[in-house]
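Welcome, and please open your viewer for a short walk through this model. Keep a selection box handy, since each stop begins with something to pick.

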Amino acid sequence: MPAPLPEELVDAFGRHIRYLRLSVTDRCDFRCVYCMAEEMTFLPRREVLSLEELERVATAFVDLGVRKLRLTGGEPLVRRGIVDLARRLGRLPGLDELVLTTNGSRLAELAAPLRDAGVRRLNISIDSLQPDRFRALTRTGDLGRVLAGIEAARAAGFDRIRLNTVVLRGRNDDEVIDLVTFARDRGLDIAFIEEMPLGHIDEHSRAEAFISSADLRERLADHFRLEALGDPTGAAGPARRFRIAGSDSRIGFISPHSNNFCHLCNRVRVTVEGRLLLCLGNEHSLDLRELLRRPQGDPLALHRAIAGAMARKPERHHFSHEGEPEIVRFMSTTGG
Ligand code: SAM
Ligand code: SF4
């Protein structure tokens with residue numbers, strides 16, 4: 001008799017894994033300078049999980065106690081069938097929250113259908129409010145379309161919308177006040193993210209562009225009164241959060257370099273090739289695609305493999321912002 005399946009995923013350090021970030025594509029209509037090289041080779045179709053395979057993966061994780069699911073990529077909204085996939089996942093019994101991270105370029109058309117499909121919250125990435133600079137940072141992006149997408153998302157009635165900004169010294173760090181003002185005036189949250197050394201890029205030096213969350217917080221404190229939000233459960237994950245006094249907007253700082261949050265880690269990722277990544281900053285992984293495509297003997301083989309993999313989740317990440325990246329995969333293939 002095979003061992004019974006656990007009801008929860010718990011790793012060797014006692015951390016409960018309740019959050020899955022599922023990448024639905026490695027493709028994107030942008031080429032953000034910190035995320036991708038200018039010329040990218042994307043995966044051939046056969047190596048990408050089908051919508052049905054993505055659904056099977058998500059279902060297995062939810063059966064095993066995952067309560068929050070984030071659809072990401074690449075750019076999830078370039079994947080054909082994304083709204084239908086969201087609708088099927090939104091109905092999984094036991095799932096508390098279906099959320100999605102997007103660059104916003106297709107939200108003007110898709111925000112309302114996604115909300116209707118059951119997506120509860122959105123993260124929308126925006127690194128500049130200046131059109132030329134926005135174009136330079138994304139290489140292909142049109143700020144006007146993203147702003148229209150943000151408006152469509154506001155009108156669609158998501159529970160919360162958070163802007164994500166990767167801050168690069170000398171490129172957009174002078175805009176943090178404007179970005180917070182923009183978010184606050186629209187009732188949105190905002191998170192500032194330290195650049196992570198994922199994938200090799202030539203466009204800029206990651207070490208020189210680095211700016212710490214502590215630096216940013218000091219600058220913002222001159223303009224806004226920030227009230228620290230306690231988070232005894234660690235549910236907010238790696239973001240340290242503050243409320244802007246007198247508003248409902250929150251500011252988060254995601255600081256993988258300057259703040260080690262690994263002891264609170266409650267998440268794993270699955271890439272669009274079906275690789276279960278146990279840690280963003282390590283290569284520990286398991287090939288789920290091979291299992292998904294194997295002729296079915298044991299109908300719970302996928303569940304068992306996922307549960308068994310938890311024992312290999314590393315205690316902490318190991319990337320540095322100096323020198324060469326230790327992790328060769330890009331954020332877009334990782335599922336950011
Ligand atoms: N395309 C979508 C988007 O841009 O929101 C979803 C995928 S993207 C990989 C998810 C998040 O990762 C974005 O907020 C992006 O800014 C961030 N990101 C990408 N590369 C990064 C890096 N090297 N360091 C830190 N954040 C990064
Ligand atoms: Fe595309 Fe998002 Fe990466 Fe930018 S950060 S290139 S939008 S996947």
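Below are three stops: a ligand shell, a single helix residue and a pair of packed helices. Keep in mind throughout that this is a predicted model.

**Stop one: ligand 2.** Select ligand 2 and show its surroundings. Which residues surround ligand 2? You will find Cys28, Phe30, Cys32, Cys35 and Met36, together with Gly74 and Asn103. Colour this shell by class, and five nonpolar residues and two polar ones appear, with no charged residue.

**Stop two: Thr59.** Next, pick Thr59, which sits in helix H1 (residues 51-63). Is it buried, exposed or partly exposed? The relative accessibility of Thr59 is 24%, and because buried would require a value under 20% and exposed one over 50%, Thr59 counts as partly exposed. Now add Leu89 to the selection: Thr59 and Leu89 are 30 residues apart along the chain, and 7.7 Å separates their C-alpha atoms.

**Stop three: helices H6 and H8.** Finally, select residues 176-185 for helix H6 and residues 213-221 for helix H8. At what angle do these two helices pack? The angle is about 70°, and the axes of H6 and H8 are 10 Å apart. H6 is therefore roughly perpendicular to H8. Their crossing is right-handed. To see the contact itself, show the side chains of Val176, Ile177 and Val180 on H6, then those of Leu216, Arg219 and Leu220 on H8. By class, this contact between H6 and H8 has five nonpolar residues, one charged residue and no polar ones.

How values were computed
Residues numbered from 1 in each chain as written. Chains lettered and ligands numbered in written order. Predicted model: local features only at pLDDT ≥ 70, side-chain atom pairs only at ≥ 80, totals over all residues. Heavy atoms only, no water. Near = heavy atom within 4 Å. Nonpolar A, V, L, I, M, F, W, Y, C, P; charged D, E, K, R; others polar. Helix = DSSP H or I, 4+ residues; strand = E, 2+ residues; numbered from the N terminus. Buried < 20%, exposed > 50% of the residue type's maximum accessible area, 1.4 Å probe, protein only. Axes fitted to C-alpha atoms, helices over the stretch in contact; angles between N-to-C directions. Parallel < 35°, antiparallel > 145°, perpendicular 65-115°, else oblique. Left-handed = near helix turned anticlockwise from the far one by under 90°. Contact = heavy atoms within 4.5 Å.
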